[in-house]
Each structure stands twice: as structure tokens, then as C-alpha cells.
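Please open the structure in your viewer and keep the sequence beside it. The tour proceeds by selections, each followed by a description of what is to be found there.

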Amino acid sequence: VDPGRGIGHRRASAEALGRLGLPEAFRPLKRALFAEVGALGSPGAGMGVQFPVRDTVLRALGELQDRRALPLLLSWLGAEAESPLGGLHLPAMEGLWKLGNRAVPGLEAVAHKESGPAARNAQRVLSAIPLSGGAAPPHSPITPYFVSVPINIYTGAALGGLIRNAHRIVA
């Protein structure tokens, strides 16, 4: 997922790697996530009202259901204002939910040691993971529930930031 490519190419590459679900996709997706974070503010990095590449990479990591993604996904639980689509915590929460019981120890640690959004979101994922230890249902209970209300708040916050900084963009 070359950061020198356009936003559409990077998103499509990340989505394809996630859909393949191969363990070999973990390293390129991890590199892509760090490259996107490092490229913030550069043209095509997924800023403003563009669909963030970071969102797609986090979703792809969740699709892998690879235990190695656990620390990465846990680290994004508090990122509620990072995306005009409702925050990067949402794909992180969904990925952790897909890991199921394998994510429980990490989620419990965040829920008890952290505070604020990270702890609250860890609790929400923990409450959505089936207790039976079986496979998770095919559709995440997290994204539909959590996107419905916060998306308007975060979209408004993102647009407000653009409006406040419009003089810098035009100049």
C-alpha cells in the first residue's frame, strides 16, 4: 500500500488484503497504517472529508482476525475524533470484536487501566463478544449501533474545524 499512490489506490489495496484474509497480509497492512499516520497532512493522505485510508487499513486488519493485530487495534480505541465518518475507534472496535475471546484479556486491561473513550469503547466491545466462546455472529453488532448517533457529532466537528481553518487553506 504505497503512500505515493492516490487515496483510491491505497484504499483498494488495503481492502483487497483484508478480504484475502491471509496471515501474510498483516505486515503490509501494519506498514501501511504507520505510513498513513506519518503522511498526515500531505496530499491524498485521507484528511478532511475524504474517506480515510487509515479507516480502511484498520478494517482490513480486523478482517484478518490475526492475533498480531490486537495491540494495533487496542491502540486506536480512543481515536473518536480522527475521522469524519465517526472516528477510527469504530473499525478498531469491530476488529477486536472479530477477534472474539482472543481479544478479551487486552480489552479488559484497557477497560481497567485506561480512562475516557478508550476504556468506554473497550467495555462496549467486551459487552458485544459472545460469552459462549463460539464463533462471532456474521454481522458486527458494534458498527451499526455506534455509527448511528456519533457520526453526526463527528461530522459536525470535522466540518467545524475546516470552517475555522478555511483562511489557512485559502491563503
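Select residues 89–99, helix α5, together with residues 117–128, helix α7, in this predicted model. Two packed helices are described by the angle between their axes and the distance between the axes. Here the angle is about 35°, and the axes of α5 and α7 lie 9 Å apart. Turn the view until one helix lies in front of the other: α5 passes α7 in a right-handed crossing.

Next, display the side chains at this contact. Which residues of α5 meet α7? They are H89, M93, L96 and W97, and their partners in α7 are N121, R124, V125 and A128. By type, the residues of this contact comprise five nonpolar, two polar and one charged.

Now select D66, which is located in the loop between α3 (53–64) and α4 (70–75). Is D66 buried or exposed? The relative accessible area of D66 is 12%, and because this is under 20%, the residue counts as buried. Add P23, F26 and L99 to the selection: D66 is in contact with these residues, its neighbours within four places in sequence being left aside.

Finally, show the whole protein chain. It contains ten helices and zero strands. Of its 171 residues, 42% are buried. Among contacts with a separation of 6 or more, 66% join residues 24 or more positions apart. With a surface display switched on, the chain exposes about 9100 Å², of which carbon and sulfur atoms supply 60%.

Terms used:
Residues are numbered from 1 along each chain as its sequence is written. This is a predicted model: local features need pLDDT of at least 70, side-chain atom pairs count only at pLDDT 80 or more; totals for chains, interfaces and linings use all residues. Side-chain values use heavy atoms; hydrogens and water are left out. Axes are lines fitted to C-alpha atoms, for helices over the stretch in contact, and angles run from 0 to 180 degrees between N-to-C directions. Helices (H or I, at least four residues) and strands (E, at least two) are DSSP runs, numbered from the N terminus. A crossing is left-handed if the near helix is turned anticlockwise from the far one by less than a right angle, and right-handed if clockwise. Contact means heavy atoms within 4.5 Å. Ala, Val, Leu, Ile, Met, Phe, Trp, Tyr, Cys and Pro count as nonpolar, Asp, Glu, Lys and Arg as charged, and the others, Gly among them, as polar. Buried means under 20% relative accessible area, exposed over 50%, partly exposed in between (1.4 Å probe, protein chains only). Accessible areas come from the Shrake-Rupley method with a 1.4 Å probe; for residues, only the protein chains shown count as cover.
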